[in-house]
Amino acid sequence: MERLKIGVICYPSLGGSGVVATELAIKMAAKGHEIHFITSSLPFRYNEPHENIHFHEVRIDGYAVFKYPPYDIALANRIGQVVEEQHLDLLHVHYAVPHAVSAVLAKDMIQSDIGIITTLHGTDVTILGHDPALRNTVKYGIDKSDITTAVSESLRKETIELIEPAKNIRTIYNFIDEEKYHPVESGTLRCDLGIQQNEKVIIHISNFRSVKRIPDLIRAFALVVEKLPSKLLLVGEGPEMPRIRRLVDMLGVTDHVLFTGRRDDLPELLSFSDVMVLPSEKEAFGLVLLEAFACGVPAVGTNAGGIPEVIEEGINGYIVPIGDPDAIAERTLRILSDSTLHPKMKEQAMETVKGKFSSDIIVAQYEKLYYDLQKKEC
Ligand code: GMT
């Protein structure tokens, strides 16, 4: 098969879209394709240099006239340069705003016919698509892309309803690196965190934004801990943190909640956890669910966005209504207190990752799109 030169544009810092973009780029590089990241910094999950992966920094200096330095335009400029210098075959853009629009502008700037694939990840449509200041821009980015994909059926349908795009949108699910995420020995970590032998562990990992509705989880946990010795592990950082700390104190569960901050040892933390809870009000996919499943952790999640496409009711976890702490507590307790159900769900969670979300399957779907785009068969 022909070796492709692929430009990848994504948010390089914390976030699921950046993780998916990076893991996909690494897998494509391993297949022999040449990857060119065009980003403001090195993607945070790109830890081991690979001979097929190159990085082109986007830089924009401050200038007195600018209240806001025009990053989007600097990005377009850099994309155009890299397409020409490196003779790229296609651009894969993650997140519609501003990335898709910058790619379209770059293509026009250099009068190129390079193909653009845009992958929608979530709030680029579910929040920005509702914003009158950006809706038309999101639509423009999608309509001018040659191929648009969404990370779940739910996101695909919502995009079609909201944006009314000119072209078809295809669903390609997210995946994780199974070599990184699997049950591992956590050594003394559990003990170091102060978790007792008899305690169950509930874990939540996110960027602590308001869409995650973490107060629902705190209220649910206060009910769980009344019935079962347990600890709640809150992993990550974000704007909601002060509010969450106050609620934890107010509900009197401070001694049972561990704030770990951002961590790189997620497989270790997940491997001794018993249940993941994802109480979001918006969630196009919920990549952390796959990370949990791969380590044998079933999940309780809301019926928001694509979560029900990942959590199969009663199989690898439970689905609850948005904003219902009682339901979260009831389902969590159901999993934790049933010694037959829990191991069965753990097994099923791992099977989910090996089946529907296997990286081989998903990466092959993207690779096929790349070749179709090359042959203009899309
Ligand atoms: O859209 C966002 O809020 C940010 C984005 C990100 O970069 O983490 O998250 C979205 O993309 C992830 C990867 O595809 C999905 O797993 C998340 O569900 C999705 N977040 C939301 O829809 C809130």
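## Close-up views of a predicted model

**View 1. Strand 8 and its neighbour, strand 9.** Strand 8, residues 200–205, is mostly covered, with five of its six residues buried. The model shown here and in the other views is predicted. Strand 8 pairs with strand 9, which spans residues 230–235. The two strands run in the parallel sense, and six bridges link them. One residue pair to look for is Ile205 and its bridge partner in strand 9, Val235. In a regular strand, side chains alternate between the two faces of the sheet.

**View 2. The ligand between two domains.** Domain 1 is made of two stretches, 5–175 and 358–377, while domain 2 covers 189–356. Both domains give residues to the shell around the ligand, so the ligand lies between them. The shell holds 16 residues, and those that come nearest are Gly16, Ser17, Thr123, Arg209 and Glu283. Sorted by class, the shell has eight polar, five nonpolar and three charged residues.

**View 3. Polar atoms close to ligand oxygens.** Three residues can be picked out in this view: Ser17, His121 and Phe285. In Ser17, an N or O atom of the side chain is 2.6 Å from an oxygen atom of the ligand. His121 also takes part through its side chain, where a polar atom lies 2.7 Å from a ligand oxygen. Phe285 takes part through its backbone instead: a polar backbone atom is 3.0 Å from an oxygen atom of the ligand. The ligand taken alone exposes 480 Å², and the protein buries 93% of that area.

**View 4. His94 beside His121.** His94 belongs to strand 4, residues 90–94. Its relative accessibility is 1%, and because the limit for a buried residue is under 20%, His94 counts as buried. The side chain of His94 makes a polar contact of 3.1 Å with the side chain of His121. His121 in turn has a polar side-chain atom 2.7 Å from an oxygen atom of the ligand.

**View 5. Backbone on either side of strand 4.** His87 lies in the loop between helix 2 (71–86) and strand 4. The phi angle of His87 is positive, about 55 degrees, although this residue is not a glycine. With a relative accessible area of 55%, His87 is exposed. Tyr95 sits in the loop between strand 4 and helix 3. Tyr95 is not a glycine either, and its phi is positive at about 85 degrees. At 13% relative accessibility, Tyr95 counts as buried. Most residues other than glycine have a negative phi, and most peptide bonds are trans.

**View 6. A cis peptide bond at Pro98.** Val97 and Pro98 are joined by a cis peptide bond, with omega about 0 degrees. Pro98 is found in helix 3, which covers residues 96–109.

**View 7. Ile142 in helix 5.** Helix 5 runs over residues 135–144 and includes Ile142. Ile142 has a relative accessible area of 3% and is buried. Ile163 is 21 residues from Ile142 along the chain, and the C-alpha atoms of the two are separated by 8.9 Å.

How values were computed:
Residues numbered from 1 in each chain as written. Predicted model: local features only at pLDDT ≥ 70, side-chain atom pairs only at ≥ 80, totals over all residues. Heavy atoms only, no water. Near = heavy atom within 4 Å. Polar contact = N/O pair within 3.5 Å; in protein donor to acceptor, adjacent residues only side chain to side chain. Areas by Shrake-Rupley, 256 points an atom, 1.4 Å probe, with all protein chains shown as cover. Nonpolar A, V, L, I, M, F, W, Y, C, P; charged D, E, K, R; others polar. Domains from an automatic or database assignment. Buried < 20%, exposed > 50% of the residue type's maximum accessible area, 1.4 Å probe, protein only. Helix = DSSP H or I, 4+ residues; strand = E, 2+ residues; numbered from the N terminus. Pairing = 2+ DSSP bridges.
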